[in-house]
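Me: I have a chain open here and want to get to know its fold. Can you walk me through it?
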Amino acid sequence: MNRKSLFLLLFFVLLTVFAVYALMVRGRSASSSAGIRSEIPKFNPEEIASVRIEWRTNAVNLKREDGDWKIAERGMKNASAVKVSKLLNSLSTLSAVKKLDDCSRGILERLRLVTDDPKIVPGITVTLKDASGNEKFRIILGKGHFLKPEPGMPPAENAEGRYVRIGDDVYLIAKVFEDCHPIPPVWLEPLRLFSLNKALSILAGDSGNTLWSVARRNTAHPFTVAVPRDAKVDTGVLSLLADTLSKPFGMDLSLEDPAKLVFTRNVRFCCADGFDYFLKVARRDNREYAMVQVAYEPARVAELPGETPDQLMKRKALLQSRLEFERRYFHNNLFLVSDKVKLYEQIGQLPVKK
C-alpha cells in the first residue's frame with residue numbers, strides 16, 4: 001500500500017469516527033430535549049372550559065358555553081374562537097429549549113416570574129380549568145429571551161424565546177406568546193366589513209334623511225350619483241370610506257345600552273355577492289359608537305363570467321359560512337370606534353366633485 005492509499009484510508013476512518021460522534025451527540029441532545037418536554041404537564045384543549053389571563057390588576061376571563069368561547073368582561077359576548085384555540089394548542093404542545101435549575105429568588109424576579117410582590121414587575125399568569133373548575137394547567141409567562149448580538153451589531157429588537165414558570169420549575173421556551181394579553185379587546189374579532197369593492201349601491205343618511213347615494217349596474221361599471229342630482233362622483237372619497245371600513249375600525253365592544261344612544265349617521269352597502277351591510281354611527285362625549293346589521297341573499301349573488309352552476313353553488317356555500325362568521329361576531333353588537341377613524345365625518349362627506 002503506497003502513501004496515497006494509506007492517507008485516503010486514514011481520512012475515511014477519521015470521517016467515520018466523526019460521523020459516529022455527531023450521531024451520538026445528536027442522540028444525547030434529542031434525548032435530553034425529549035426529557036425536558038416530558039416534564040412539562042400536558043392537557044387536552046378539549047377539556048378546557050375556562051381561561052384566566054392576569055397581570056397585576058388586569059384580567060380577562062374566557063369561558064366556554066355551548067361550544068362558543070365568551071368574554072366575561074364584555075357581557076359574555078363571543079370571543080374569537082381562532083385566537084383562543086391558538087393559545088390552547090400552543091400551551092398544550094409546549095416544549096422547552098432548556099430547563100433552568102436551582103433558580104434563586106433574585107433570578108425569578110429578574111425573569112419576571114414572581115407574582116406575589118406588588119413592587120416587582122410580574123409576568124402574565126395563564127390559568128386553565130375544566131368544566132368542574134379543576135385546574136388543569138397554570139403558567140407564568142416571564143421575560144423574553146434575546147440573543148446576544150454579534151460584535152459591532154445593535155441588540156435584537158425581537159425576542160427569540162421566553163422564560164416561563166410552571167409550578168416550581170423554570171424553562172426557556174421557543175414561543176414568545178406576543179398576543180397573550182390580559183385585556184378583553186385582544187380576544188375579540190375586530191369589526192370590519194368585507195368585500196366592499198363589490199358594492200352596487202351605497203346610501204348614506206343623517207337622522208332619517210338621505211345625505212348622498214351612488215349606484216352602478218355591476219362592478220365593472222363606475223358609480224354614478226343618484227343624490228344629489230346632476231353631481232359627479234369623487235371616487236377618492238368613496239375609496240377612502242371603503243378602505244376605512246374594510247380594515248378593523250371597531251376597537252372594542254361597548255357595554256353601553258344601545259337604546260340610550262342616538263344613531264344619527266348611517267350608511268348602507270348593497271353588494272354583488274348578496275351581502276347587505278347597514279352601519280349606524282352615534283356620537284356622545286367625543287366618542288363614536290357603531291353597530292352593523294348583516295344580511296345575505298343567495299338569490300342576489302351575481303354570477304362570475306364563465307362560472308359553472310357547480311362553482312356558483314360552492315361559492316354560495318362559502319358566502320353562507322362568511323355570513324355565519326359575521327353574524328356571530330358583529331351583527332347588532334355595539335362597538336367603540338377608534339378615535340383616529342373619524343367615521344361620523346367620513347359618512348357625512350359627500351363623494352361628489354366640487
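Me: What is the bridge partner of Arg64 in E3?

Reply: Trp69 is the partner of Arg64 there. Keep in mind that this is a predicted model.

Me: How do E2 and E3 pair, parallel or antiparallel?

Reply: E2 and strand E3, residues 68–71, pair in the antiparallel sense. Four bridges hold that pairing. The two strands form a hairpin with two residues between them. Asp66 sits in the turn and has a positive phi of about 55°.

Me: And which hairpin does E3 form with E4?

Reply: One with five residues between the strands. Gly75 in that turn has a positive phi of about 65°. E4 covers residues 77–78 and pairs with E3 in the antiparallel sense, over two bridges. In E4, Lys77 is the bridge partner of Ile71.

Me: Back to phi. Why would I flag a positive value?

Reply: Most residues other than glycine have a negative phi. Arg56 is a residue other than glycine with a positive phi, near 55°. Arg56 is in the loop between strand E1 (48–55) and strand E2 (58–65).

Me: Is Arg56 buried, exposed or partly exposed?

Reply: Partly exposed, because its relative accessibility is 47%.

Me: Where is Phe177, and what is its phi?

Reply: Phe177 has a positive phi near 55°. Its place is in the loop between strand E9 (169–173) and strand E10 (199–206). Phe177 is buried, with a relative accessible area of 12%.

Me: New topic. Which residues does the cis peptide bond join?

Reply: Val227 and Pro228, with omega about -5°. Most peptide bonds are trans. Pro228 lies in the loop between strand E12 (224–227) and helix H4 (235–246).

Me: So E12 comes just ahead of that loop. What is the strand order in the open sheet?

Reply: The order is E12-E11-E10-E14-E15-E16-E17-E13. That is eight strands with antiparallel pairing.

Me: Which strands stand at the edges, and why does that matter for neighbours?

Reply: E12 and strand E13 (250–253) stand at the edges. Each has a single partner strand, so one side of each is left without a neighbour in the sheet. Neighbouring strands here are turned by 25° against each other on average, direction ignored.

Me: How many bridges join E11 to E12?

Reply: Three bridges join strand E11, residues 209–215, to E12, and the two run antiparallel. Val214 has Val225 in E12 as its bridge partner.

Me: What does H4 touch on the sheet?

Reply: H4 packs on the sheet and touches E10, E11, strand E14 (263–271) and strand E15 (275–284). Its direction makes about 100° with that of E11.

Me: And where does H5 lie?

Reply: Helix H5, residues 309–329, lies across E15, strand E16 (287–296) and strand E17 (335–337). H5 runs at about 145° to E16.

Me: Let's go inside. Which residues touch the most other members of the largest nonpolar core?

Reply: Val51, Val126, Phe249, Phe269 and Leu343 do, in a core of 72 residues.

Me: What is Val126 in contact with?

Reply: Leaving aside neighbours within four places in sequence, its contacts include Val51, Ile53, Leu91, Phe137 and Cys180. There is also a second, separate core of nine residues. Among them are Leu113, Tyr163, Val170 and Leu172.

Me: How many aromatic pairs turn up in the whole structure?

Reply: Seven. In one of these, the rings of Phe43 and Phe137 have their centres 5.2 Å apart and their planes at 45°, so the pair is tilted. Phe43 is in the loop between helix H1 (3–39) and E1, while Phe137 is in strand E7, residues 135–145. The two are 94 residues apart, so to speak of distant parts of the chain is fair.

Me: Are Phe43 and Phe137 buried or exposed?

Reply: Phe43 counts as buried at 9% relative accessibility. Phe137 is buried too, with a relative accessible area of 3%.

Me: What about Phe330 and Phe335?

Reply: Their ring centres are 6.4 Å apart and their planes are at 65°, so that pair is edge-to-face. Both belong to an aromatic cluster with Phe194, Phe325 and Tyr329.

Me: Last one. Which ring does the charged end of Arg265 sit over?

Reply: The ring of Tyr344, 4.1 Å from its centre. Lys280 lies over the face of Phe263, at 5.0 Å from the ring centre.

Definitions and conventions: Residues numbered from 1 in each chain as written. Predicted model: local features only at pLDDT ≥ 70, side-chain atom pairs only at ≥ 80, totals over all residues. Heavy atoms only, no water. Buried < 20%, exposed > 50% of the residue type's maximum accessible area, 1.4 Å probe, protein only. Pairing = 2+ DSSP bridges. Axes fitted to C-alpha atoms, helices over the stretch in contact; angles between N-to-C directions. Contact = heavy atoms within 4.5 Å. Core = buried A, V, L, I, M, F, W, Y, C linked by side-chain atoms within 4.5 Å. Phe/Tyr/Trp six-rings, centres within 6.5 Å; stacked < 30°, edge-to-face > 60°. Lys NZ or Arg CZ within 6 Å of the ring centre and 35° of its normal.
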